[in-house]
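This briefing is for a reader who is new to the structure shown below. Please look over the sequence and the model first, then read the points by topic.

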Amino acid sequence: MPVCTNCAYPVDHVYTAYKTKSNIRLGVCPRCDQFLDPLIEHPDLIILLDLILLKPRVFLHLLFNRRSPPFDTDKGTESSGKDNQVIRQQRLSQDLWKLSAISVLAETVLRFLPSVTGECRITVYQVIITCGLVLLEGITQHAVTLSLTLLALRIRRWYPVTLKRKVVDSRKRDGRQENFLPILVPLTILYTSLIPLLLQLILSIWYTPPQSIHEHLPTTNMALSFISSLPFNVPPELLDLEIALNHAWSRSDRIWIGTRLLGGMSAGFGLRVLLPTRPWETTGIVLAGWIGSALIEPVARSYIASIGA
């Protein structure tokens, strides 16, 4: 069942189709008196721009209204609600597989870019191992995120919807709750992480991580130190810590850090549109997924090394 992209009110159909496909009429929300989903008429480029700008309506459109059947004036409503739910689940599963494949492919290419620029030889075995690691990290991240999300929704009694929690007043209905499926959580993360991944892939054409041979970065000295410029004495350990942090920052891949932060903030915003969780809960869920994927990588690498030995 689709929802209104302004207030998430559940409706039967977003628009009405007449004899020709170009002749349609957008429905009006009975609660907010706005068009239910103007993105139905917009091209994919506009939807992509709205996704980059993190507009809330684009998440509701992609997760609930995309490819939803209209009300046909000639045929009427032939399919039941259960049939529409089955069709919707199949479409969401297809989108999940497609986005997962693109995400794994983009992440694998990004990990091999330093080797390509350094003219190192890449074997088929390395490609297979890297794809497996990327896939394992993604599965771990989504499993942790989905488990914590369902736990938070269970505590709030938001999902699954019980008879006691159903709202009597139709004006207070929430289409996100009535049409929520667990698959929407990994889909939201994939939608929000794909744009930063592609951005990093494009920027990597002109940018490579700094190397000491080709690029001499300024070393941190006491004149550039913020802590040493303070008007009072500080422990020498803090000075050493500042130098170490500055050195790590100068040697880090800033494009990777920036795109990962952008992906994390985008994922948090997308989950906030989909779920009734608080900001700190959403942040904790996203960070837990990151930590889970970061911890599984060294374990998998050590296991692969032990097998190869």
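Between which helices does the loop that holds Pro-160 lie? Pro-160 is in the loop between H4 and helix H5, the latter spanning residues 175–178. The model is a predicted one. The points below take up that loop, the largest pocket, helix H2 with its surroundings, the sheet and the cysteines.

**The loop after H4**

- The peptide bond that runs from Tyr-159 to Pro-160 is cis, and its omega is near -5 degrees.
- This bond leads into Pro-160, a residue of the loop between H4 and H5.

**The largest pocket**

- The volume of the largest pocket is about 1,100 Å³.
- Its lining consists of 36 residues. Val-134, Glu-137, Gly-138, Gln-141 and Ser-293 are the ones that lie nearest the centre of the pocket.
- Five helices each supply at least two lining residues: H3 (81–117), H4 (124–156), H6 (184–203), H8 (254–274) and H9 (279–308).
- Among the contributors, H4 gives the most, with nine residues.
- Sorted by class, the lining has 18 nonpolar residues, 12 polar residues and six charged residues.
- In general terms, empty space is found by rolling a probe the size of a water molecule over the atoms.

**Helix H2 and His-61**

- Helix H2 covers residues 56–65. Eight of its 10 residues are buried, so the helix is largely enclosed by the rest of the structure.
- The buried residues of H2 are Val-58, Phe-59, Leu-60, His-61, Leu-62, Leu-63, Phe-64 and Asn-65.
- His-61 has a relative accessible area of 4%. It counts as buried because this value is under 20%.
- Leaving aside residues up to four places away in sequence, His-61 touches Thr-5, Asp-37, Leu-39, Ile-40, Ile-47 and Arg-66.

**Leu-39, a contact of His-61**

- Leu-39 sits in the loop between S2 and H1, and it counts as buried at 1% relative accessibility.
- With residues up to four places away in sequence left out, Leu-39 touches Ile-47, Asp-50, Arg-57, Val-58 and His-61.
- Two of the residues that His-61 touches are Leu-39 and Arg-66. Leu-39 and Arg-66 are 27 residues apart in sequence, and their C-alpha atoms are 9.1 Å apart in space.

**Positive phi on either side of H2**

- Leu-54 lies in the loop between helix H1 (44–52) and H2. Its phi is near 60 degrees, a positive value in a residue other than glycine.
- The relative accessibility of Leu-54 is 22%, and this residue counts as partly exposed.
- Arg-67 comes just after H2 and belongs to the loop between H2 and S3. Although it is not a glycine, Arg-67 has a positive phi of about 60 degrees.
- Arg-67 counts as partly exposed, with 35% relative accessibility.

**The sheet**

- Three strands form an open sheet in the order S2-S1-S3, and the pairing is mixed.
- Strand S2 (24–26) and strand S3 (71–72) stand at the edges. Each has a single partner strand, so one side of each is left without a neighbour in the sheet.
- Strand S1 (residues 15–17) and S3 run parallel and are joined by two bridges.
- Thr-16 has Phe-71 of S3 as its bridge partner.

**Cysteines**

- How many disulfides does a search of the whole structure find? The search finds zero.
- Cys-4 is in no disulfide, and the nearest cysteine sulfur, which belongs to Cys-32, is 3.7 Å away.
- For Cys-32, the closest cysteine sulfur is that of Cys-29, at 3.6 Å. This is too far for a bond, because a disulfide requires sulfur atoms within 2.5 Å.
- Cys-4 is buried, with a relative accessible area of 0%, whereas Cys-32 is partly exposed, with a relative accessible area of 24%.

Definitions and conventions:
Residues numbered from 1 in each chain as written. Predicted model: local features only at pLDDT ≥ 70, side-chain atom pairs only at ≥ 80, totals over all residues. Heavy atoms only, no water. Helix = DSSP H or I, 4+ residues; strand = E, 2+ residues; numbered from the N terminus. Buried < 20%, exposed > 50% of the residue type's maximum accessible area, 1.4 Å probe, protein only. Contact = heavy atoms within 4.5 Å. 1 Å grid on protein atoms, 1.4 Å probe; cavity = no way out; pocket = protein on both sides within 12 Å on 5 of 7 lines; lining within 4 Å. Points joined across faces, edges and corners; volume = space filled by probe spheres on them. Nonpolar A, V, L, I, M, F, W, Y, C, P; charged D, E, K, R; others polar. Pairing = 2+ DSSP bridges.
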